[in-house]
Amino acid sequence: MATYSIWVLEYAYIPEMPLSALVHGEHNKGTCKLPYGYTLLKSDQHTILIDCGHDNAAYGKVLADNSGVVNWQPPHVVMAEIGVKPEEITDVIITHAHFDHMGGLALFPNAKFYIQERELSRWIWAMSLDRRFRWLMKAADPGDIIRCVELARDGRLVSISGDMEDVFPGVDLRLASDTHTAGSQYVVIRNDGRRDSEDSWVITGDLVYRMENLHGGTPEDPYYRPVGMGVGSQTNMVLALHDIVEAVGGDWNRVIPPHEARLPERFPSRLSDKGLQIIEVALADGAASYVGR
């Protein structure tokens, strides 16, 4: 019995991203596509987004253009492919505050947002530093941080302190402190609702970009390799990778990195008429497919 349908929805992409930015140490190994996407969970009671993309306007557009992002499409276009409107999103879990994960706060007007307290407070700290430390803000839009604080003022922000079980039925949050960012979190979905689940999935945020982060490129003799960008400890990132694999009982196929361009090789998917991937990871009992399974 599956509680949630799970889709990864591509909303933009970078056509050529250096592999060394995604897998630590892959220098001079060429480039690959880097999808930008968010993950949608839908049950009978909840319509939940994991991360909310970015708004292709103001400084968010500057960051996207500087990164080489193309084919950005707004949520009402992207989510129409699975019959959902942005206004129907009830809750948004923010894995971390980089612009491509938290820049779309204003695009989901009825949602409540969930973020690790450490993530938000450390971005405010980074904003307060001398200009010489501006690399720490490399992938963040200060406007997003301010908008997140305004959500708290308006009663639409939930500040999480550490791990949290059953933030929604069968959905757990796990803190990975001082890794990719100061307060990154990943999401464990126990889709059968059981504590000792046999149907678990992990949505990784940017703790995993590609499957090589989990097996090092040698699945027959696996080892963990951190992502290419992090403000925290690489040791912490490697330990977080282990925890992610453990959360799905060692089955890498149940780890879902939204930036992984090869997800369509693993799950039913299709291209929209905008040339973006709709990836169907799981279907709730009785739910209809949107990719023509």
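Here is a short question-and-answer session on the empty spaces, salt bridges and buried residues of this predicted model.

User: How do you know which parts of the model to count?

Analyst: Since this is a predicted model, local features need pLDDT of at least 70 and side-chain atom pairs count only at pLDDT 80 or more, while totals for chains, interfaces and linings use all residues. Residues are numbered from 1 along each chain as its sequence is written, and side-chain values use heavy atoms, with hydrogens and water left out.

User: What makes an empty space a cavity, and how many are there of 30 Å³ or more?

Analyst: The idea is simple: rolling a probe the size of a water molecule over the atoms shows where empty space is left. On a 1 Å grid over the protein atoms alone, points where a 1.4 Å probe fits but cannot get out make a cavity. By that rule there is one cavity of 30 Å³ or more. The largest cavity has a volume of about 60 Å³, volume being the space filled by probe spheres set on the points, which are joined across faces, edges and corners.

User: Which residues line the largest cavity?

Analyst: A lining residue has an atom within 4 Å of a point. For the largest cavity that gives Glu10, Gln73, Val77, Val78, Glu81, Ser272, Lys274, Leu276, Gln277 and Ile278. The elements giving two or more residues to this lining are α2 (75–78) and β13 (277–282); helices (H or I, at least four residues) and strands (E, at least two) are DSSP runs, numbered from the N terminus. By class, the lining has four nonpolar, three polar and three charged residues, where Ala, Val, Leu, Ile, Met, Phe, Trp, Tyr, Cys and Pro count as nonpolar, Asp, Glu, Lys and Arg as charged, and the others, Gly among them, as polar.

User: What makes a space a pocket instead, and what is the volume of the largest pocket?

Analyst: A pocket is an open set of points with protein on both sides within 12 Å along at least five of seven lines. The largest pocket comes to about 700 Å³. Of its 33 lining residues, Ser67, Phe99, Lys138, Ala139 and Met229 are the closest to the centre. Helix α1 gives the most to this lining, with four residues, and the classes split into 20 nonpolar, seven polar and six charged. The second largest pocket holds about 260 Å³, and its 16 lining residues include Thr3, Lys42, Ser43, Asp44 and Ala284, which lie nearest its centre.

User: Why is the Glu81 and Arg270 pair called a salt bridge?

Analyst: Side chains of opposite charge can pair when their charged atoms come close. The cut-off is a side-chain nitrogen of Lys or Arg within 4 Å of a carboxyl oxygen of Asp or Glu. The closest N and O atoms of Glu81 and Arg270 are 2.9 Å apart, so the pair qualifies. Glu81 sits in the loop between α2 and β4 (91–93) and Arg270 in strand β12 (residues 269–271), 189 residues apart. The structure holds 21 salt bridges.

User: How do you know whether Arg190 is buried or exposed?

Analyst: Buried means under 20% relative accessible area, exposed over 50% and partly exposed in between (1.4 Å probe, protein chains only). Arg190 has 4%, so Arg190 is buried. Its salt-bridge partner Asp166, with N and O at 2.9 Å, has 37% and therefore counts as partly exposed. Both residues belong to a network of salt bridges with Glu165, Asp172 and Arg195.

User: And what about the salt bridge of Glu212 and Arg262: is each residue buried or partly exposed?

Analyst: These side chains meet at 2.6 Å, N to O. Glu212 has 17%, so it counts as buried, whereas Arg262, at 25%, is partly exposed.

User: Why can you say that the buried residues of α4 line one face?

Analyst: The buried residues of α4 are Glu119, Leu120, Trp123 and Ala126. Seen down the helix axis, they fall within an arc of 125°, so they line one face; the arc is that of the directions from the helix axis to the C-beta atoms. Among the elements covering them are β5 (112–116) and α5 (142–153).

User: Back at the cavity, why is Gln277 called buried or exposed, and what does Gln277 touch?

Analyst: Gln277 lies in strand β13 and has 17% relative accessibility, so Gln277 counts as buried. Taking contact as heavy atoms within 4.5 Å, and not counting residues up to four places away in sequence, Gln277 touches Val8, Leu9, Glu10, Pro264, Ser269, Arg270 and Leu271.
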